2 protein chains.
Amino acid sequence: MSDLLRSIREQMPELNPKEQTIAAFITEHPQLVVRLGITELADQSQTSAATVSRFCKNFHAGGFAGLKLQLATELALQPAADSYQDIVAGNTLESIVTAMEANHIRSISDTSRLLDPKQLARALDVLRNAGQIDIYGVATSGVVAQDFYQKLVRIGRRATAFSDPHMQITSASILGEGDTAFAISYSGETPETIDALRCAKERGAATVSLTKYGPNTLSSLADIPLYTSSLEEGMRRGDMASRIAQLHVVDILFTGLVTESFDEYVPKLEQSFQMVKKYRKEKGR
Amino acid sequence: MSDLLRSIREQMPELNPKEQTIAAFITEHPQLVVRLGITELADQSQTSAATVSRFCKNFHAGGFAGLKLQLATELALQPAADSYQDIVAGNTLESIVTAMEANHIRSISDTSRLLDPKQLARALDVLRNAGQIDIYGVATSGVVAQDFYQKLVRIGRRATAFSDPHMQITSASILGEGDTAFAISYSGETPETIDALRCAKERGAATVSLTKYGPNTLSSLADIPLYTSSLEEGMRRGDMASRIAQLHVVDILFTGLVTESFDEYVPKLEQSFQMVKKYRKEKGR
DNA sequence: TCATACACGAAAATCATTTTCTTAGCTACC
DNA sequence: GGTAGCTAAGAAAATGATTTTCGTGTATGA
């Protein structure tokens, strides 16, 4: 049940000339092939039905019907992972919803694919063992920082997230060994965030960065770089998809922390949850 | 290209007895049907091939082959949109990433499906014409509120987002006709947020809510209720997926605003972007 | 140059699908 | 109550698509 289209493409060079024509046609117009009959496909690729039938056998696709079936399922999976949709003037509401859905989904799956389990594990490690966790991020990334901060506090970790650059530096300057600094910036070039992380590093804290994929100042500075998928150029205000991707990573880190120490953290989560409720009840609601 | 399986299920009651058996078999074993011939399917459902063929015609599936094709593509799409994964103790990092990916993607597509274009349009309307926009939300929803706030400010809209309950009420109490209040709460039962929205409503402001789907205090209070998909019970800390879904809606609203008045807002976006850059340069970076 | 092997298409055989024809059961109107 | 008309549904015929067989032509190597 592996990727048929891919294996056709890969094996093309070793194929007979006629089979190459067939392979070429299939890889170039897969969605057409699905609707065609075997004779029509034979015509289109200047061969005979018999050759096409043999071709299918060679790829152990279970005959022509089987090939069409596999193609259909593979194609169905494609569009979801299709290219990012740019958003331009005059779109209808429906198309905005669809485009946004596609972009966000794409952004999440791309980022998942990009995450290196080793770096994730290291990040979890320094987060788990940190005395104090500082989270840096401004503007859009500040929102993500806030979110991470809230999560950490809820499981009883000592964390701070300032969006004020002065406070970031101030906080960074009192970190030390055994502490962890976590810097978020999509571009990886936000000066305020870079300064804060550099300061934290000088103080001996473990440093983690969360930036777009590719070389950038922030990730080169960090001990443990984490990446979100980087968007195509021209993408209108890429920060929407990037922020979703960043939160996705934050969720993974948080969940990683919680599951690693399930027994320790889950009661704390419940506790904080109950406490908010109780406090409200006492106010008479 | 709509959901064939769904339409079969929905139309079942109005079908002939024999057609019902066929429909039942198809909906119960769709992945089997894809591999079966028409006669085999006829045998399995105690009918004749002719009846199955007619059945396919009735559903405008383009014959039995067409039906199989559609089923195949729909089934291929299913697993990705499969049920929410619960996250429990002792998961490996890889499985956490996968589960989180599935949950977030599911959450985004479900929410997209749930959005009512009419309500969206109304929400855009009151946002576009608002003098002042107040955004309410505490804790997790506060992060989303912040995000929305930042976006609105960037296109030059007068907006505020307080996470402090007192400030929320204070701000709400100086709203008036022509203003808009936007309240975010996953449960729709957060007392602070409800209070703020009620206050805004009393002052004559247009009210929009963003809550989970289903009856809740906040959405019943709002002029324009918007919904995110609600998660199954037992889902560990549902607020992760819900926050992604809320941001998804915020992004759609924001994009809707921008595209509706493309020429007005895009220059402002560029402007704010350039200004931040310029300011940094002047500082000598 | 001949033998062998292989690719390929034509046509036959097979198999699946659709259509037509027929029957049985039902309803409504005489 | 009987009969005409309708519908559902299967049997069988017709159609159409796919696979296999078979034969030809071409290339390769002895």
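Mentor: A quick definition before we start: helices here are DSSP runs of H or I with at least four residues, numbered from the N terminus. Keep in mind too that this is a predicted model.

Trainee: Got it. Which helices supply at least two residues each of the surface near DNA strand D?

Mentor: Both chains take part. Chain A brings helix H4 (38-44), H5 and helix H6 (63-80), while chain B brings helix H2 (17-28) and H5.

Trainee: And which one gives the most to that surface near DNA strand D?

Mentor: That's H5(A), with five residues.

Trainee: How many residues are around DNA strand D, and which come nearest?

Mentor: There are 19 residues around DNA strand D, and the nearest are A:Ile38, A:Lys57, B:Lys18, B:Ser48 and B:Thr51. On the DNA side, sugar and phosphate make up 69% of the strand D atoms that come within 4 Å of the protein.

Trainee: What lies 2.7 Å from a phosphate oxygen of DNA strand D?

Mentor: A polar side-chain atom of B:Thr51. Chain A has phosphate contacts with strand D as well: an N or O atom in the side chain of A:Ser53 is 3.3 Å from a phosphate oxygen, and for A:Phe64 a backbone N or O atom lies 3.1 Å from one.

Trainee: How do the residues of the surface near DNA strand D divide?

Mentor: Into six nonpolar, nine polar and four charged.

Trainee: Let's switch strands. How many residues surround DNA strand C, and which are closest?

Mentor: DNA strand C is surrounded by 18 residues, with A:Lys18, A:Thr51, A:Arg54, B:Ile38 and B:Lys57 closest. Here sugar and phosphate account for 70% of the strand C atoms within 4 Å of the protein.

Trainee: Which side chain has an N or O atom 3.0 Å from a base nitrogen of DNA strand C?

Mentor: The side chain of A:Arg54. With A:Thr51, the partner is a phosphate oxygen of strand C, 2.8 Å from a side-chain N or O atom. B:Ile38 uses a polar backbone atom instead, 2.5 Å from a phosphate oxygen of strand C.

Trainee: Which helix gives the most to the surface near DNA strand C?

Mentor: H5(B), which contributes five residues. The helices with at least two residues each there are H2 (17-28) and H5 (49-58) of chain A, plus H5 (49-58) and H6 (63-77) of chain B. By class, that surface has six nonpolar, eight polar and four charged residues.

Trainee: Okay, away from the DNA. What does the secondary structure of chain A come to?

Mentor: Chain A has 14 helices and five strands. Of its 285 residues, 54% are buried. Its accessible surface is about 13000 Å², and carbon and sulfur atoms hold 52% of that.

Trainee: I clicked on B:Arg243. Is B:Arg243 buried or exposed?

Mentor: B:Arg243 has a relative accessible area of 0%, so this residue counts as buried. You'll find B:Arg243 in helix H13 (residues 239-260) of chain B.

Trainee: What does B:Arg243 touch, not counting residues up to four places away in sequence?

Mentor: Residues from both chains: A:Asp147, A:Lys151, A:Leu247 and A:Asp251 on one side of the list, and B:Thr140 and B:Val144 on the other.

Trainee: Last one: why does B:Thr259 count as buried?

Mentor: Because its relative accessibility is 6%, and buried means under 20%. B:Thr259 also sits in helix H13 of chain B, where its side chain reaches the backbone oxygen of B:Gly256 at 3.2 Å.

Methods
Residues are numbered from 1 along each chain as its sequence is written. Chains are lettered from A and ligands numbered from 1 in the order in which they are written. This is a predicted model: local features need pLDDT of at least 70, side-chain atom pairs count only at pLDDT 80 or more; totals for chains, interfaces and linings use all residues. Side-chain values use heavy atoms; hydrogens and water are left out. A residue is near a molecule or strand if one of its heavy atoms lies within 4 Å of it. A polar contact is a pair of N or O atoms within 3.5 Å; within protein, one must be able to donate a hydrogen and the other to accept it, and residues adjacent in sequence count only if both atoms are side-chain atoms. Ala, Val, Leu, Ile, Met, Phe, Trp, Tyr, Cys and Pro count as nonpolar, Asp, Glu, Lys and Arg as charged, and the others, Gly among them, as polar. Buried means under 20% relative accessible area, exposed over 50%, partly exposed in between (1.4 Å probe, protein chains only). Accessible areas come from the Shrake-Rupley method with a 1.4 Å probe; for residues, only the protein chains shown count as cover. Contact means heavy atoms within 4.5 Å.
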